[in-house]
Structures are given as structure tokens and as C-alpha cells.
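Visitor: I have a model open and would like to learn how to read it. Could you walk me through it?

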Amino acid sequence: MPDQPGPKGLTHTAVMDWMTRFAATVRSVEPELTALDQKAGDGDFGANLVTGMDGVRRALDALAAGAGNGERDRRGPDAPLDAAARVFLDDVGGTSGPLFGLLFQELADALGMAAAPPGTAALALGTAAGAAAIQRVGEAEVGDKTMVDALVPAARALASCEPTADPAHALHVAAVAAHRGARSTTDLRARRGRASYTGDHSRGVPDPGALAVALLFASAHAELTSIGRLPVS
């Protein structure tokens with residue numbers, strides 16, 4: 001059975017499994033994300049996310065085999081997130097690739113600086129820092145119909161948890177909040193990102209980037225085979 005975050009905190013294996021499940025989730029739901037992005041954007045979001053997570057899978061394989069990962073401890077819980085950040089920041093195109101890279105990097109930094117093993121407090125810190133970095137770079141606010149609409153609620157949900165709470169529970173709470181935020185984008189008109197160029201055509205379609213954020217947090221527990229499997233409570 002895959003290792004999941006638990007009261008013991010976030011181990012290297014747990015984070016490796018989380019990123020591996022997210023890669024599998026992305027590949028499963030890519031057709032749905034692409035279909036949504038074809039209605040609300042330029043249609044390449046799903047493919048770019050798959051390309052990125054395929055690269056992350058290769059980076060995780062190299063990490064498991066002992067290949068270098070900069071100056072980080074290759075067995076630390078932050079190392080898989082740092083590997084994901086490098087892939088998305090360096091190799092993934094589109095407007096969302098570098099933004100996901102920023103989120104992964106801030107999560108990696110927070111876990112790396114936390115007392116071992118890191119837990120809910122580090123997740124809250126990293127998610128909040130990731131949301132702030134993405135808002136700073138993308139100049140997006142909640143209500144602009146972007147990934148921020150899911151990421152900010154996830155950060156707030158994590159911050160509302162006790163710092164010593166079970167990380168598995170905290171990640172579930174974040175997934176529910178992110179999914180709720182993603183659903184709230186359905187009737188919005190996009191004001192940032194490529195979807196903003198489609199005008200009212202983006203109305204009636206949830207933002208794919210926001211859904212991907214929800215899928216990220218939900219994948220901490222299990223691989224999802226469709227967007228409809230996202231938790232609602």
C-alpha cells in the first residue's frame with residue numbers, strides 16, 4: 001500500500017508517493033482538462049501538465065536511483081518537491097508551468113526548513129508562500145478565474161488546521177477547499193491568463209488550472225481517475 005502522510009509527519013517516501021500519484025492522476029484526467037481548456041483557453045493545459053509530470057516521474061526515478069538533486073538531502077521529504085519544481089521551472093511551457101514550479105519550490109523550501117519530520121505547519125507555510133509567489137508573478141487575485149481561486153482557499157484551509165494536526169487530514173481539508181474554489185470559477189469571466197482573451201466564452205467552464213490544484217492536494221491520498229472523483233467533503 002502506498003505510504004501516505006500521517007501523524008508521524010511527511011516522510012521522503014510519503015512525498016515521493018504523493019508526487020507519483022499526482023503524475024498518474026494527471027495522465028488519467030488529461031482528456032477532461034484538455035476539453036475544458038479548449039472551451040476556456042488555448043487547449044494546451046492538459047498536455048503541458050502531462051509533459052511536466054512525466055518529467056517529474058523521470059526526475060523521481062533518478063532521485064530514487066541516487067542521482068544528484070543540487071545541495072538538498074536526497075532522502076529528505078523536500079527532495080521530491082524540489083525535483084518537481086526544477087522540472088516545471090526549467091522545462092514546462094505555457095503560462096501555468098512556471099507557476100506550478102513556484103508552488104512546488106515553496107513547498108519544498110518549507111518542508112526543508114521544518115523540524116523533522118515536517119507536517120501540517122510546513123504544508124501551511126509552503127502553500128501560503130506558493131500562493132503569494134504566484135499572485136506576485138501572475139498578478140492574479142481570487143475571482144480572476146485562475147489557479148489562485150483554488151490555491152488561496154487551500155492555503156487558508158491548511159492555516160486553519162492545528163499545526164500539529166495529522167497531515168493526511170490537513171491535505172484532505174485543503175483538497176476539499178481547493179475543489180470548492182475551483183468550482184466557484186465556473187460562472188466567472190476570466191481576467192488573467194490566456195483564458196482572459198476568450199471573453200465570455202470562458203463562462204460556464206471551471207478553470208482547468210484551479211482544478212489541477214485541487215487534484216494535486218487530493219492525490220496526496222489516492223490516484224484520481226476523473227475530475228468527478230475530487231472530494232466535496
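Guide: We will go from the whole chain to two of its helices. Keep in mind that this is a predicted model.

Visitor: Happy to start wide. How many helices and strands does the protein chain have?

Guide: The protein chain has eight helices and zero strands, so its pattern along the sequence reads α-α-α-α-α-α-α-α.

Visitor: And what share of the residues is buried?

Guide: Of the 233 residues in the protein chain, 55% are buried, where buried means under 20% relative accessible area. The chain exposes about 9,700 Å², with 52% of that supplied by carbon and sulfur atoms. Among contacts with a separation of 6 or more, 67% join residues 24 or more positions apart.

Visitor: Now a single helix. Why should H2 span 28 Å?

Guide: The expected span is 1.5 Å times one less than the number of residues. H2 covers residues 45–64, which is 20 residues, so 28 Å is expected, and its end C-alpha atoms are indeed 28 Å apart. After H2 comes Gly-66, with a positive phi near 100°.

Visitor: Which elements cover the buried residues of H2?

Guide: The cover includes H1 (12–40), H3 (79–91), H4 (96–113) and H8 (208–218). The buried residues of H2 include Gly-46, Gly-52 and Gly-55, along with Phe-45 and Met-53.

Visitor: How does H4 read by the same steps?

Guide: H4 has 18 residues and reaches 26 Å between its first and last C-alpha, close to the expected 26 Å. Its buried residues include Phe-100, Phe-104 and Gln-105. The buried residues of H4 pack against H1, H2, H3, H5 (120–138), H6 (148–160) and H8.

How values were computed: Residues are numbered from 1 along each chain as its sequence is written. This is a predicted model: local features need pLDDT of at least 70, side-chain atom pairs count only at pLDDT 80 or more; totals for chains, interfaces and linings use all residues. Side-chain values use heavy atoms; hydrogens and water are left out. Helices (H or I, at least four residues) and strands (E, at least two) are DSSP runs, numbered from the N terminus. Buried means under 20% relative accessible area, exposed over 50%, partly exposed in between (1.4 Å probe, protein chains only). Contact means heavy atoms within 4.5 Å. Accessible areas come from the Shrake-Rupley method with a 1.4 Å probe; for residues, only the protein chains shown count as cover.
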